[in-house]
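Q: I'm new to this structure, so please pick one pocket and walk me through its lining. Some context from elsewhere in the chain would be welcome too.

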Amino acid sequence: EMIYNCSDKMNARSEGMMEDLLIIERRQAITVIKINRAPTNNINRELTVKLLHAIEEMESDALCEAVIITSNINGYFSSGVDVEMIYNCSETQYHQFMGVYTNLIRKLLYTRLIIVAALNGHTIGGGCLWATLADYRVMVNGKFKIGMPEILVGFPVWRYVDRCLAKLVGGRMANRMCLEGSLLTPSEALDVGLIDETVDTDAQLLASATKFVNTMLKVPEVTRGMTKQILRKDLLETLDQDLNETMTEAVWGILNKEPFKTTIKALAAKEKEKEVLRLKSKL
């Protein structure tokens, strides 16, 4: 088994410290990618670029047939997009982030690789979106939540997000989740079809993810990949329509208005407080 790390500099919150954003473990045909951006695996440009490049590297490796994406942070798969980054970024930085973010979505949609989301904690916002793009989702039982609460902080939900949810839970439930900002427990998510399975331990999580991969490996790779692209073509078309209709510019305008600005400032302060407590605990 080969283990290697993808390192990058954190933003100013980490005071120049180096941290491994991804921990990557090669297990024959299966690669396990553990997201490792403390304290909550929130998503910024650096993490998105690292994950995109890691999947591209695995895709170019003929020996790799599947990727299991999970977390190295206790209690969190991902808390979603980094609100402090959004609050402080310039318009140029925002568009740079959205560029790599949508490239990652495209890659997850159309990759030849079998993708499993092994959810070992809260799976919120962008983390939930990443999970919907996987071929299988298994989540650990516990006091965790999964969902897309963007609307509650004044952020509009894109159509492709609604369509990704609808593929799993149906149109009516997807609309309701987007409009209410619903956060579901693992058992609730299983009931509506947002996830495929629940387990009780992290060990069972990886075992279940591996079991699904082994089942999928019985399907010829060429036909599996072609079928995946056919079934997901409408999602890619919706994403491109959103981008072509200058959705990113419209959202940038919202980011600089109330109530989003006040709400996001408060959330950013909470995120900063969590990071300070985490750094103090290491002293």
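A: **The lining of the second largest pocket**

Sorted by class, the residues lining the second largest pocket are 11 nonpolar, 3 polar and 7 charged. (Ala, Val, Leu, Ile, Met, Phe, Trp, Tyr, Cys and Pro count as nonpolar, Asp, Glu, Lys and Arg as charged, and the others, Gly among them, as polar.) Keep in mind that this is a predicted model, where local features need pLDDT of at least 70 and side-chain atom pairs count only at pLDDT 80 or more, while totals for chains, interfaces and linings use all residues. Residues are numbered from 1 along each chain as its sequence is written, and side-chain values use heavy atoms, with hydrogens and water left out.

So, how much room is there? The second largest pocket holds about 370 Å³ of space. (On a 1 Å grid over the protein atoms alone, a pocket is an open set of points with protein on both sides within 12 Å along at least five of seven lines, whereas a cavity is a set where a 1.4 Å probe fits but cannot get out; lining residues have an atom within 4 Å of a point. Points are joined across faces, edges and corners, and volume is the space filled by probe spheres set on them.)

Its lining runs to 21 residues, and nearest the centre you'll find Ala134, Asp135, Lys228, Leu231 and Arg232. The elements giving two or more residues to this lining are α5, α8 (202–216) and α9 (221–244). (Helices, H or I with at least four residues, and strands, E with at least two, are DSSP runs numbered from the N terminus.) The top contributor is α9, with 7 residues.

Ala134 is also a link to the largest cavity, whose lining is Leu51, Ile69, Phe77, Leu108, Ile115, Ala117, Trp130, Ala131 and Ala134. That cavity has a volume of about 40 Å³, and the structure holds 1 cavity of 30 Å³ or more. Here the lining is 9 nonpolar residues, with no polar and no charged ones. Both β6 (114–119) and α4 (126–132) supply at least two residues each to it.

For one more stop, try isoleucine 73, in the loop between β4 (66–71) and β5 (75–78). Isoleucine 73 counts as buried because its relative accessible area is 13%. (Buried means under 20%, exposed over 50%, partly exposed in between, with a 1.4 Å probe and protein chains only.) Its C-alpha atom is 6.0 Å from that of asparagine 36, though the two residues are 37 apart along the chain.
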